[in-house]
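The following account leads the reader through a model, from whole chains to individual strands and residues. Please keep the sequence and the coordinates at hand while reading.

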Amino acid sequence: MGKVTRRGFVKATAATAAGAAAVFYFGWAESAVRLLEPVSVENPLEFYPERDWEKVYRDMYSHDSDFTFCCVPNDTHNCRLRAYVKNGIILRIEQTYGESQSKDLLGNTATPNWHPRGCLKGYSIVRRIYNPHRLKYPMVRKGWLEWANAGFPTDSNGVVAEKYKKRGEDDMIRVPWNEALELSAKGLMHVANKYSGDTGAQKLKAQGYPEEMISTMKGAGTQTLKFRPGMGLLGVIRIIGNIRFSNMLQLLDAKIRGVGKGEALGGRYWSNYTWHGDLDPGTPMVTGVQTFDMDQNDLRFPKFLIQVGKNLVENKMPDAHWFIETLERGGKVAVVTPEYSPTSQKADYWMSIRPGSDVALFLGIANVMMREKIYDEDFVKRFTDLPLLVRADNLQLLRASDITPDYKNKELKNWVKVQDFESKIEKLNFERNAVKTGEIANFGAIIPPKLREKWGDFILWDKKTNQPKVITRDDVGDRFDDLDLNPALEGTFTVSTVDGKEVEVKPLFQLYMEITEEYDPATVHDITDVNLEMITRLARDIAKNTPGFDPEKPHLIGGTMIHSGEGVNHYFHNDQKDRVIHLVLALTGNVGKPGSNKGQWAGNYKHSVFGVGLYPWVQEDPWNPALNEDIDGADVPILPKAIGEEVCYWNYNDRPLILDTPKYGREVFTGKSHMPTPTKVIWYANVNLINNAKWHYQMVRKVNKNIDMIVTQNWEFSPDCDAADIVFPVNSWAEFTQPDLTASCSNPFLQIWPKPNTGIPPIFDTKMDHVVLAEVAKKLTDITGDERFANYWKFVLEDKTDVYIQRILDGCTTTRGYNVKEILESDREWLMMFRTYPRIPGWEQINESRPFHTKTGRMEFYREEKEFINHGENFAIFREQPEATPYMNNVIVSTHSWITPDDYGVPRNSEDLEAIQVRNIKMPWSEVKNTENFLWKEGYRFYCLTPKTRHRVHSSWSNVDWNVIWDNNFADPHREDKRKPYVGEHQVNMNPSDAKNLNINDGDYVYIDANWRDRPYTDYASEKDEKWKKASRLMIRVKYNPAFPSGIVMMKHSVYQSSPKTVHAHETRPDGLAMSESPGGIWFSNFRYGGHQSLTRAYLQPTQMTDSLVRKDTWGWGIGEGFAIDTHAPNTCPKECLVKVEKAEDGGMPEDGETRGKGVWSPAKTGFTPSNESESMKKYIKGEYIQS
Amino acid sequence: MDYPYEEARPKRQYAAVFNVNKCIGCQTCTMSCKSTWTYSKGQEHMWWNNVETKPYGGYPQFWDHKLLEKLGPNKWSSATGQNGSVYSGKTIFEAAPIGEVALGYLPEDKEWQSPNIYEDTPTTTDPDKGPDESVDLVNLPAHTTWFFYLQRICNHCTHPACLAACPRKAIYKRQEDGIVLIDQNRCRGYRKCIELCPYKKPMYNLATRISEKCIGCYPRVEQGIEARCMAACVGKIRLQGLKNSLPEEAEANAENPLNYLIHIKKIALPLYPQYGTEPNIYYIPPRWIPKQFLYQMFGPGVDEALKVYSNMDEELLGVLSLFRSTQKILEKFNINSNQAVGYDAKGQEVIRVPIDEPVIVRPPKYHNTS
């Protein structure tokens, strides 16, 4: 039309308007009337006459009131959010921008650099709170209810008939609160009673449980009752209340067995962090403490930051800005991941790596550092065990007593109490009192004299005198300097031992030099696929960037920081990766300073930030609870009889690792301190334990059949409700009727909320989690007549839960002095009082010359304990993974003679993954590369990555439509394609050329299978029940994604897995929704068939089950050996699987009347999609639509 | 340029700077908007704010490529790719087909599905190579395998194509803040705005059968508070305010952080300036993306913007530190002694941000390990 004049434009549009008016006349009569009004807008850029309508949006935006609450899913952020309320309904959410108001007792405050906190999930949480999937009232599974009503009948071995155990198939039935509470109390009593004493033990034996598990119960049936606070720190009252409940059950044991106080045992409580595969299991092996996580504002300091299998961009959303801001301050970022990840795009450089081979890369980096002598010799000598001498003959650290007749160990004085206590309680009371008096300033560890004697003192080779010299655990940092020694790091020496032998010894540093010789960059490149030149560059960049002020980068006072994440943590040898990353950081002095260290943060695991302060709440003495509300929390009597247990064993067919080995016969690889008991009740809160379990279908189809009662507390109808027997509905985070507290492993904020008389009342017939427990306790009082059950929850039942919170604050170094009422009234977060803001791990050790919580007082890179030696892991060494490898499963890549693994006689051609876990064989890389994994031979050739998504927190938000819409390529709120299980569906990312080779188009459905011998569950191949067969085999849509190298598939983890009910609905409902429906509610599977846990199984890593590892207790300052909950225990490893992919169905829409798809998914036909680009799209990607 | 109305710049212009380098693609902005304005029936497919992964992502699907293709290759007159170049190609107004105000297209229904299509999906610089060329390394200055997040809201353009397109003149630009609105009383749902907006930000409501678009959160802006999507930005990439519309005036008022970033430092650039609407959302371009793609998307100022971004002075670092320190609209800033201070329209201090985080050490009874 050429140049448009204003006049011409108006005319043309008038004609169009008239044409369209007729259409609307029939559709909307009112509009037609308005159309007749004359148009009188001259220039809408300049003036618009009728602006009154604008109040529509102002009204929409207006609200009546607001309140704050804490969004506490299982991430690490705990964002305080503000809810805006209109007519009693939460309209919308906003961040508070209040972090900079938070302060401590000393007058310190956080900065506005923390603003704002809260991510997309916080904003869509309104959609969860008012979701139709909310649990509205208590429910009991139909079959279980029949069993209970029949009086809990069993056969003579205590086994419950099959007809009562149809979990996942039965309907969930509404029952009144009173009845549900009573049923759960009776269920507990039935099970505890049934399995107590000799008759109980006989029954368990008849059921096939190994003797070790049964004897661990010490006759107490209550020990088969397992409680799991789902990431307890997220709700210290309402979730960790679960452990309190477990401790209370010593009263029940006393009643059942007639035993007294002291002998009676409570229930068991399950770990969180380790089982999720979250813990850095190697960090306690190196530092003695659970983790080395720093507050995330410490990420503002490093000059160089490396992400290893970590995706901070997607997984630390409120705090990702901290590290990205270093880039604007002159910092550098490198990323080591198989795929080009969201974090990789921010990086200065990204290196692709073969999944599970990261340990080899870091051994290569250590090799470069040692060879090029670019390490920090001073740091190595002052703070690590690398100068200590190791004996060739027995592979033990050389002790002073080995070479000095009648040597007497020196007295330890540095930040330590070597003290005996009559009991654990006495020791805990001593610690609690030290917090109260402030004496805790003087020590950071309590060591039993027996252990101290066992450790002895250590020897290094002094170059000044050319003599072996003694150093003690005290001699670190400045104290080491005071000794005026110059230890040899290299060389071989001979010492005469007191028993008259000449023994060859070497400094550990020398040994690592030898070991890493086999990890030269060329070999490492061959093992890992990492770009050859970059291996050396990475090593040099780490060595170059060390803590301290640099005038060129005045804003960056840190050095190198390395974060490892789930990407590397979900492999069997996850501890080796920690040991070797700590090694390269220690070699370069990147420890204990701002902007240094190895971080990790997975899940908000760190209830240890409250330390011994938790005891008065968690393990208060139920025989004599403190009923005086004014008592100092540090003085509340405690009697810890709830016993911690690693949940991995339940996941491992409810068994420890006991194998019939060819070489030694029956061997128990699970340490005594770790030994689980049989699981007969599971009671958990705040987690979809079963949906999220590795080997999910094995759990629901096999393992849980042996469990008599499963109780879940939840605020949504989730797959776990279908998999349980009793469902208690609880208040959402915005409906708190009583306060709770939380803190974090990644930020300094203490949160206690809500402010009294704010918030919305519960929408449905729900209760707070801990109130449910208190009311079950009251039922136990009603049934037994023992008042103490109810008294144990006195202040909960009286609606004064703040009393318990105050007791926790009183007992904890980081919060003592705070007043709960003041905090609640303030309506904002406060600061946890750690030694430093930001919290920097190792700060006291490095800056104040304090010993680490290890036996040598140093960062330890050698493990002399027999378990480590037997499994060939006395050094940090690379092993191929037991399943996820193309090469021989679990092989140790080394020829070093000081690595002396035992293969337990398991043959090299074994196809038994149980046995392969303990088959320790060492081999040079040149040999390993010619071996082949038996699964690889069978065609299982894809590594399967299952990372976290930004759109959900694990399974939370899995049924929030908005989040599902953003989580995949196949979203459609109108569900035009009825094959979608919901408004979107789960997807697997795949390298396009891999897909094309398998004739798989972008958007097609595929089947994915793992090792047929045990997945989806053992005996799947012979399964007769079609509905389970269908429900458990994974079918999923493919998304082409060139971010993934060939040989890797990726699906985000923990959406809702399918069940027989969702499959049935999907196949029979006209709308195709994969819905599980009960009279009590609904949920949707995110898959048509199966789930990503169809592919996973449980593993138990032997060196994570020792009775000998020295580590600090999870809570408090005591140092001990062996199991410590969430600190030293097996970490399951869900990425430990290889899979096969085959096409299942076309991605294109089904034709009319058909149910199966036909042709290609429509976007993939446009020419605009990856690996299907038209010429025009190629031009666009190259930027050729503009010429400059 | 051919535009059906005479130029009438607003007194103050709603504007924002998006620092693409910091975006984490979290969609918090998206949910903040959705939960405020588009949660009703008929709006199920509607996302006024979205973040898409470039180059394959887009909402509606492939929106930008489709229009670039229609417009055909164009040129900036200077070969240097520097600021000051003159666009010598056609804008959408000049390229308008006969009988139309501008060049555009109406997306099909299905193109509004899957708003996050191809999230986190990279391409290679040379797509001819195909996916078999597996890449094991990227390394600055430019990643050879790449993607980035593009944040998109209505640009509240100075020459809005939607406004020009509306047959009923039901779309107008507010003189007080430059926010562009669709009158919800007058609109009859002809969808010409959807067809001609090059950014595809007006959307059709299936229940009311009229069109809607981002309203710049004017109920907040009128109170001196930034829009919801801006305030919610947890990646701290967004700063929104009111800038001067005329470049000369903006340059004269350098205390305003948006004027400073856009007109003084020239660190932030408009999205597809070649379309000719003068969009008012400005982007600090991503540092790792091949330049030619950035010229196509952000025009000739890319080199200079990135030069300024990667050699940051203390003042600029201070202004970037103010991003998301407060929800209040900042009219003025001041940087000194490691602090960035922001002021509101009345000249009151609103926020004071330390540019470096402090390290605080407490007495020894407060342990780091408990």
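In the charge counts that follow, Lys and Arg are taken as positive and Asp and Glu as negative, while His and the chain ends are not counted. The place of each charge is NZ of Lys, CZ of Arg, CG of Asp or CD of Glu. On this basis chain B carries 43 positive and 41 negative side chains, and the centres of these two sets are 6 Å apart. Chain A has 148 positive and 160 negative charges, whose mean positions lie 2 Å apart. The model described here is predicted.

Chain A may be considered as a whole before its parts. Its secondary structure consists of 44 helices and 42 strands. The radius of gyration of chain A is 31 Å, close to the 32 Å given by the globule rule for 1188 residues, so chain A is as compact as a globular protein of that length. Along the principal axes, the C-alpha atoms of chain A fill a box of roughly 110 × 80 × 65 Å. Of the 1188 residues in chain A, 71% are buried. The accessible surface of this chain amounts to about 34600 Å², and carbon and sulfur atoms account for 48% of that area. Among contacts in chain A between residues at least 6 apart in sequence, 76% link residues at least 24 apart.

Chain B can be described in the same terms. It contains 11 helices and 18 strands. Its radius of gyration, 21 Å, agrees with the value near 21 Å that a compact globule of 370 residues would have. The C-alpha trace of chain B spans about 75 × 55 × 45 Å along its principal axes. Buried residues make up 73% of the 370 residues in chain B. The chain exposes about 10600 Å², 49% of which is supplied by carbon and sulfur atoms. Of the contacts in chain B with a separation of 6 or more, 65% are between residues 24 or more positions apart.

The sheets give a closer view of the fold. Strands of a sheet pair through backbone hydrogen bonds, in either a parallel or an antiparallel sense. In chain B, an open sheet of 4 strands follows the order S12-S1-S14-S13, with mixed pairing. Strand S12 (238-244) and strand S13 (269-270) of chain B stand at its edges; each has a single partner strand, so one side of each is left without a neighbour in the sheet. Strand S1 (residues 12-19) of chain B pairs with S12(B) in the antiparallel sense over 7 bridges. Within this pairing, B:Val17 has B:Leu239 in S12(B) as its bridge partner.

Chain A offers an open sheet of 3 strands, ordered S26-S27-S28, in which the pairing is antiparallel. Strand S26 (740-742) and strand S28 (830-831) of chain A are the edge strands, and each pairs on one side only. Strand S27 (residues 749-753) of chain A is joined to S28(A) in the antiparallel sense by 2 bridges. Here A:Leu750 stands opposite A:Trp830 in S28(A).

A further strand pair in chain A shows how side chains are distributed between faces. In a regular strand the side chains alternate between the two faces of the sheet. Which residues of strand S21 (residues 658-661) of chain A point to the buried face? They are A:Leu659 and A:Thr661, whereas A:Ile658 and A:Asp660 point to the other face and are not buried. S21(A) runs antiparallel to strand S22 (residues 665-668) of chain A, and 4 bridges join the two. A hairpin of 3 residues connects S21(A) to S22(A). Across the pair, A:Leu659 stands opposite A:Glu667, and A:Ile658 stands opposite A:Val668.

Helix H43 (residues 1060-1068) of chain A illustrates burial in a helix. Its buried residues are A:Pro1060, A:Lys1061, A:Thr1062, A:Val1063, A:Ala1065 and A:His1066. The cover over the buried residues of H43(A) includes helix H29 (719-722), helix H42 (1026-1032), strand S37 (1075-1078) and strand S38 (1081-1084) of chain A.

The last stop is a loop residue. A:Asp550 is found in the loop between helix H23 (532-544) and strand S18 (560-564) of chain A. Buried means under 20% relative accessible area and exposed over 50%; A:Asp550 counts as partly exposed because its relative accessibility is 22%. A:Asp550 and A:Lys855 are 305 residues apart in sequence, and their C-alpha atoms are 35 Å apart in space.

Technical notes: Residues are numbered from 1 along each chain as its sequence is written. Chains are lettered from A and ligands numbered from 1 in the order in which they are written. This is a predicted model: local features need pLDDT of at least 70, side-chain atom pairs count only at pLDDT 80 or more; totals for chains, interfaces and linings use all residues. Side-chain values use heavy atoms; hydrogens and water are left out. The radius of gyration is taken over C-alpha atoms; the globule rule is 2.2 Å times the number of residues to the power 0.38. Buried means under 20% relative accessible area, exposed over 50%, partly exposed in between (1.4 Å probe, protein chains only). Contact means heavy atoms within 4.5 Å. Accessible areas come from the Shrake-Rupley method with a 1.4 Å probe; for residues, only the protein chains shown count as cover. Two strands pair if DSSP finds at least two bridges between them.
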